[in-house]
Amino acid sequence: VVLGAYDPNGGYIGDGVENGGIFFDTGKEVWDNLTKSGLDDIFAVNEQFLINQLEAGVKRIDFVGEDIWNVVNSPDPNISTSFRAKEINWLLQNAKKYGYELQGNSWVLVQP
Amino acid sequence: LGVGATMKRDKLFHQAFLNELSEVIENSEFGQLMTNLNFKQILRQHKIKDGFHNLYIIGYESKQCKLGVFYEVGNVFFVALAFSLSNSWDEYKWIGLDYLISYINKEPITREIKRTPGMENIKIRLTEITEKFIPVSVQIVSLFQDGEQVSKLTELLEVYIREDTRRRYNLK
């Protein structure tokens with residue numbers, strides 16, 4: 001599974017396409033509908049994607065393009081409140097209980 | 001609708017939303033605080049973030065201190081400050097007000113997702129921010145009048161955030 005920043009010139013989606021990784025892309029149409037729906041927790045969609053992958057026992061989750069600590073520790077909320085930062089925070093909080101260990105910029109399954 | 005008409009309609013929609021957001025801020029205690037601190041509103045901007053997220057920015061200025069009120073639809077509403085001599089809002093190094101307040105009060109950093117769908121919740125969030133900001137507002141704004149001071153503050157804040165992250169996730 002590949003996570004990271006959106007980038008029209010590649011980013012995590014480009015990495016996933018190029019290297020055969022699994023990635024989650026909400027897409028503009030779905031995003032617009034979610035924001036108009038009044039749903040108060042859109043991140044729940046990303047969270048469910050991560051839960052599905054961890055429960056399926058995917059071998060690793062790689063965060064590409066940036067050091068995860070530069071994202072979660074950024075004093076700039078434009079970075080530290082981004083969806084990718086929320087994904088990192090969620091994994092730091094929850095990946096361990098699914099048997100994953102943080103190694104560098106990746107969460108690796110160590111207890112299948 | 002053709003592409004041109006759609007773009008025009010979208011532009012009008014974003015302009016109307018910015019006007020509404022600005023009015024909500026100006027008529028709030030936060031707006032009053034901005035006046036008391038000698039800030040002037042100088043920017044109303046819509047941007048696209050991360051491909052398709054609508055980001056609205058209401059910008060204030062007091063000498064070299066820039067203050068932005070940011071609303072990313074479907075994600076967050078927050079206030080950030082920057083020091084700059086430049087007029088280009090895209091170049092600023094923003095520092096979150098929530099982080100600054102936590103640092104000054106030596107409190108854990110709040111990282112809970114602030115859900116802000118709709119203007120009513122924006123008003124609630126704005127009230128929360130104002131209540132926390134008022135006691136330390138003069139101190140914070142005075143820090144942002146000097147570039148060197150802001151550089152030192154940024155370094156200290158980065159250490160504080162790293163320590164907070166370590167504690168929060170029990171990291172070595």
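This report describes a predicted model of two protein chains, A and B.

## Overall build of chain B

Chain B contains 6 helices and 5 strands, and along the sequence these elements follow the order α-α-β-β-β-β-β-α-α-α-α. The C-alpha trace of chain B spans about 55 × 40 × 30 Å along its principal axes. Its radius of gyration is 17 Å, which agrees with the value near 16 Å that a compact globule of 172 residues would have.

Of the 172 residues in chain B, 47% count as buried, and among the contacts between residues at least 6 apart in sequence, 54% join residues at least 24 apart. The surface exposed by chain B comes to about 9200 Å², with carbon and sulfur atoms supplying 51% of it. Chain B carries 23 positive and 22 negative side chains, and the centres of these two sets lie 3 Å apart.

## Overall build of chain A

Chain A contains 6 helices and 4 strands, arranged along the sequence as β-α-α-α-β-α-α-α-β-β. Its C-alpha trace spans about 40 × 30 × 25 Å along the principal axes, and its radius of gyration of 14 Å agrees with the value near 13 Å that a compact globule of 112 residues would have.

In chain A, 49% of the 112 residues count as buried, and residues 24 or more positions apart account for 54% of the contacts with a separation of 6 or more. The accessible surface of chain A is about 5600 Å², of which 48% belongs to carbon and sulfur atoms. The charged side chains of chain A comprise 8 positive and 16 negative ones, with the centres of the two sets 4 Å apart.

## The hairpin of strands 1 and 2 in chain B

Strand 1 (residues 40-49) and strand 2 (residues 53-62) of chain B pair in the antiparallel sense over 9 bridges; within this pairing, B:Lys47 has B:Leu55 of strand 2 as its bridge partner. The hairpin has 3 residues between the strands, and B:Asp50 takes a positive phi near 50 degrees there.

## Helix 3 of chain B and its cover

Helix 3 of chain B (residues 97-105) is mostly covered, with 7 of its 9 residues buried; these are B:Leu97, B:Asp98, B:Tyr99, B:Leu100, B:Ile101, B:Ser102 and B:Tyr103. The cover over these buried residues includes elements from both chains: helix 5 (77-80) of chain A, together with strand 4 (77-83), strand 5 (95-96), helix 4 (119-133), helix 5 (137-143) and helix 6 (147-168) of chain B. Just after helix 3 of chain B, B:Lys106 takes a positive phi of about 50 degrees.

## Positive phi values in two loops of chain B

Most residues other than glycine have a negative phi, and against that background two loop positions deserve mention. B:Asn38, which lies in the loop between helix 2 (29-36) and strand 1 of chain B, has a positive phi near 65 degrees although this residue is not a glycine. Because its relative accessibility is 59%, and the threshold for exposure is over 50%, B:Asn38 counts as exposed.

B:Lys63 is found in the loop between strand 2 and strand 3 (65-72) of chain B, and this residue, again not a glycine, has a positive phi of about 55 degrees. With a relative accessibility of 68%, B:Lys63 likewise counts as exposed.

Terms used: Residues are numbered from 1 along each chain as its sequence is written. Chains are lettered from A and ligands numbered from 1 in the order in which they are written. This is a predicted model: local features need pLDDT of at least 70, side-chain atom pairs count only at pLDDT 80 or more; totals for chains, interfaces and linings use all residues. Side-chain values use heavy atoms; hydrogens and water are left out. The radius of gyration is taken over C-alpha atoms; the globule rule is 2.2 Å times the number of residues to the power 0.38. Buried means under 20% relative accessible area, exposed over 50%, partly exposed in between (1.4 Å probe, protein chains only). Contact means heavy atoms within 4.5 Å. Accessible areas come from the Shrake-Rupley method with a 1.4 Å probe; for residues, only the protein chains shown count as cover. Lys and Arg count as positive and Asp and Glu as negative; His and the chain ends are not counted. The place of a charge is taken as NZ of Lys, CZ of Arg, CG of Asp or CD of Glu. Two strands pair if DSSP finds at least two bridges between them.
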